Amino acid sequence: MKPITLLHLSDTQFGRNHRFNRQPLSDDESVDTLLSRLIDDLRGLERDHQLKPDALILTGDLSEWGMRSEFEEVETFVVGLVEALGLSRDRVAMVPGNHDINRKACEGYFAECAADEEEPREPFWPKWKWYSAFFEQFYQDHPGIEFRADEPWTLFEIADLELVVAGLNSTM
């Protein structure tokens, strides 16, 4: 059996304070981003050590505050990385972290419930509004991969690698 090489990334925290996510000032300026640096490092590992990831695992805190604009940055990063690695999207496993929930959306949900004289229902789904939108968009061609409010985990089955990743949702 061939060994499996996993690339595990955590705490990218894309958002206003992300150090390596700036736009070029002009068309001539090179962009120094986390993606460009990571791709350079991964190409070096493949060239020098014949190491190339078979799967990508993203665990928590992809964004800074769970905002739509942050997940747009996350999408640019993850899609760019997957394309650079030549991986299909079903070889990516991701789970949210506490920075991936939108606290403002959660507060709004509680306020709406109070206004309607209803009890908020766990697990307070609106907090995942932008994470789940990103997740759905990313896996749209892989209907078996779902992020569900009623499950505290997501199973990622990668059949050709004989690998299953159980992503435990710590934000329940």
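## A tour from helix α2 to the aromatic cluster

Start by selecting helix α2, residues 68-85: at 1.5 Å a residue its 18 residues should span 26 Å, and the end C-alpha atoms are 26 Å apart, which agrees. The expected span is 1.5 Å times one less than the number of residues. Helices (H or I, at least four residues) and strands (E, at least two) are DSSP runs numbered from the N terminus. Before moving on, note that this is a predicted model, where local features need pLDDT of at least 70, side-chain atom pairs count only at pLDDT 80 or more, and totals for chains, interfaces and linings use all residues. Residues are numbered from 1 along each chain as its sequence is written, and side-chain values use heavy atoms, with hydrogens and water left out.

**Around α2.** Now show the side chains of the helix. Its buried residues (under 20% relative accessible area; exposed is over 50%, partly exposed in between; 1.4 Å probe, protein chains only) include Phe71, Val74, Phe77 and Leu81. Among the elements that cover the buried residues of α2 (contact means heavy atoms within 4.5 Å) are β1 (6-9), β2 (55-59) and α4 (129-138). Just after the helix, click on Gly86, which takes a positive phi of about 70°.

**Over to β1.** In a regular strand the side chains alternate between the two faces of the sheet. Here, Leu7 and Leu9 point to one face and are buried, while Leu6 and His8 point to the other and are not. Next, add β2: β1 and β2 pair in the parallel sense over four bridges, where pairing takes at least two DSSP bridges. Opposite Leu7 you will find Leu56 in β2.

**The rings.** Finally, select Phe, Tyr and Trp. Rings (for Trp, the six-membered one) pair if their centres lie within 6.5 Å; planes under 30 degrees apart count as stacked, over 60 as edge-to-face and the rest as tilted. That rule gives 17 aromatic pairs. Zoom in on Tyr109 and Phe110: their centres are 6.0 Å apart and their planes at 85°, so this pair is edge-to-face. Then try Trp125 and Phe147, with centres 5.6 Å apart and planes at 35°, so that pair is tilted. The two residues are 22 apart, Trp125 in the loop between α3 (103-115) and α4, and Phe147 in the loop between α4 and β4 (153-158). Trp125 is partly exposed at 31% relative accessible area, whereas Phe147 counts as buried at 12%.

Widen the selection to one aromatic cluster whose members include Phe71, Trp125, Trp128, Phe147 and Phe156.
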